[in-house]
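Here are some short exercises to try with the model open beside you. Work through each step at your own pace.

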Amino acid sequence: MNKGKPKQIPNESRRVATSGDIEVSTYLEIAKEISGEQPIAPKEAISPAERETIIVIDFGSQYSMLIARRIRECQVYCELLSYDTPWKKIAPLNPRGFILSGGPASVYQPDAPLAPTYIYESHLPILGICYGMQVLTHQLGGQVSPGTKQEYGHAILHLSDVDSPLFADLSSSSPVWMSHGDKIEEMPSGFRALAYTENSPIAVMGSDEGIFGLQFHPEVAHTPEGKTILKNFAYRVCGCQGNWTMGNFINDSLARIKKQVGKGKVVCALSGGVDSAVVATFIHRAIGDQLTCIFVNNGLLRREEVERTFNVFRLNLGMNIIYVDASERFLNRLKGVTDPETKRKVVGEEFIKVFEEEASKIGKVDFLAQGTLYPDVIESALSGSRASAKIKTHHNVGGLPTKMTLNLLEPLRNLFKDEVRQVGLELGLPEEMVWRQPFPGPGLAIRIIGEVTKEKLEILRSADWIVMNEIKKAKLYRQLWQSFAILTDVKSVGVMGDYRTYGYLVAIRAVTSEDAMTADWSRLPYDVLARISNRIVNEVPGVNRVVYDITSKPPSTIEWE
Ligand code: XMP
């Protein structure tokens with residue numbers, strides 16, 4: 001995207017993980033690294049020769065990952081790779097086409113990132129989006145210049161060549177989302193304009209060689225017919241048939257896990273979150289009793305969370321689970337701790353200690369299963385450092401497993417969160433587990449402002465239970481990225497009956513988000529808020545006031561600590 005907002009850099013001192021599971025796996029990965037081990041790269045789940053793959057070449061747009069998601073939604077496998085990725089890394093993926101993403105640069109700047117020449121030499125179809133369109137114009141001999149009129153926001157796209165394969169099933173005029181400053185002055189030879197907007201005479205261009213450029217963003221929701229364009233590119237231009245389905249993925253991955261593990265033993269930390277639940281179920285399906293799960297109750301979980309997780313995994317799925325109630329240990333370690341990052345560090349350290357103690361009781365273990373997802377893989381690859389290294393600096397973990405010589409099993413590392421949910425459903429996990437909202441690894445500890453005590457945990461659990469209950473009753477649970485209660489350290493005066501009270505202030509947070517990097521506060525209906533508030537002050541002793549958090553992220557974060 002040209003001159004758009006710069007890509008948001010997460011604050012190094014805070015977690016930006018989107019799932020509590022990531023936290024668990026991060027602790028384990030850090031532990032493994034410090035014990036001197038290097039994870040073994042997993043082998044491909046589906047043979048690339050059979051799999052249709054489209055590569056998105058990333059120039060740094062905040063929407064790049066979204067392009068890959070949209071292509072996958074069309075049942076075509078897609079990977080996002082940086083513009084400086086060498087051909088030898090791309091060749092084994094056997095791509096059917098390339099998409100050049102948007103990005104913040106201008107092609108006429110001296111150090112502007114360009115597409116590697118192998119893209120043009122491959123003679124495969126190319127779709128340039130925004131900056132990607134300008135890159136291919138520039139590299140193929142056309143001319144790009146700084147636009148006199150910058151174009152941001154909605155525009156209406158009018159097709160001038162309705163027969164282009166890119167436009168099959170598209171309306172002759174449709175809204176698109178523009179975001180660019182530079183413009184195509186002169187197209188490269190062999191190209192012609194296929195569509196225009198009021199301010200962009202060349203909003204879409206194409207050549208007979210299957211190279212196309214779009215001046216707008218087809219991947220965002222503000223371009224309602226954008227997915228059709230991407231689908232047309234994948235199917236009609238690149239010739240894909242759509243063989244990326246979760247059913248195929250599961251079958252291929254089960255075979256691969258069986259082969260990789262052989263007769264070995266696998267250990268997996270279960271948190272009750274979606275990712276670890278799906279990983280455990282997946283691996284259990286492949287190798288049965290060779291898998292042991294360790295479920296640590298850190299005392300910072302929500303009400304009934306332990307029972308629910310336990311029922312699903314041990315009773316329904318018949319898995320080997322070691323359950324450890326370490327609540328007292330965690331609570332003791334958290335005594336007097338008020339600083340949010342120290343809370344995270346303490347919870348992380350204690351988790352590793354408990355995990356190590358339990359894992360050492362199983363005997364020899366060969367593999368550690370983790371719920372790493374594709375966004376983590378991309379983030380670590382594109383930022384040039386491993387995500388865990390970033391997190392390590394702020395967790396600065398102390399207690400470590402000493403002699404764990406484990407290989408990594410990461411069956412979900414090529415999947416987006418929504419794909420993980422689909423896999424979970426296909427594996428037969430209950431909907432309520434698959435659609436669970438993310439919950440942070442340090443749990444309720446970072447939703448209690450100030451010191452964590454048993455009494456405060458109980459208050460927060462009760463308030464949180466009511467929030468969840470009412471949100472589910474109003475059928476809003478799935479629409480929200482997260483909805484929860486926070487126990488503040490503010491006390492205020494109230495009146496109940498004939499008595500004055502001096503009780504805690506509880507805050508409610510409910511946000512919508514796609515990826516937790518940005519979020520908006522949800523416009524919850526007033527009557528839902530009223531019910532939540534009434535029930536909390538009536539049913540939770542010690543609380544006499546409820547407020548609703550109406551800040552978005554940024555500038556706030558989703559969690560209060
Ligand atoms: P923030 O508060 O940074 O949260 O906007 C973004 C997402 O990350 C989750 N989160 C965490 N997850 N350990 C985790 O596993 C953590 O320390 C942590 N802090 C925040 C948060 O719930 C939201 O989904």
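**Exercise 1: two packed helices**

In this predicted model, helix 16 (residues 454-473) and helix 17 (residues 526-539) pack at an angle of about 150 degrees, with their axes 9 Å apart. Decide how the two helices are oriented, and sort the residues of their contact by class.

Step 1. Angles run from 0 to 180 degrees between N-to-C directions, and axes are lines fitted to C-alpha atoms, for helices over the stretch in contact. Angles over 145 degrees count as roughly antiparallel, so helix 16 is roughly antiparallel to helix 17.

Step 2. Find the contact (heavy atoms within 4.5 Å): helix 16 brings A463, I466, V467, N469, E470, I471 and K473, while helix 17 brings V528, R531, I532, R535, I536 and E539.

Step 3. Sort them: seven are nonpolar, one is polar and five are charged. Here Ala, Val, Leu, Ile, Met, Phe, Trp, Tyr, Cys and Pro count as nonpolar, Asp, Glu, Lys and Arg as charged, and the others, Gly among them, as polar.

**Exercise 2: a sheet**

Find the edge strands of the open sheet with the order 12-11-10-13-14.

Step 1. This sheet has five strands with parallel pairing; two strands pair if DSSP finds at least two bridges between them.

Step 2. Strand 12 (320-325) and strand 14 (407-409) each pair on one side only, which makes them the edges.

Step 3. Check one pair: five bridges join strand 10 (residues 266-270) to strand 11 (residues 291-297).

**Reading notes**

Residues are numbered from 1 along each chain as its sequence is written. Local features need pLDDT (the predictor's confidence in each residue, from 0 to 100) of at least 70, side-chain atom pairs count only at pLDDT 80 or more, totals for chains, interfaces and linings use all residues, and side-chain values use heavy atoms, leaving out hydrogens and water.

Methods: Helices (H or I, at least four residues) and strands (E, at least two) are DSSP runs, numbered from the N terminus. Angles under 35 degrees count as roughly parallel, over 145 as roughly antiparallel, 65 to 115 as roughly perpendicular and the rest as oblique.
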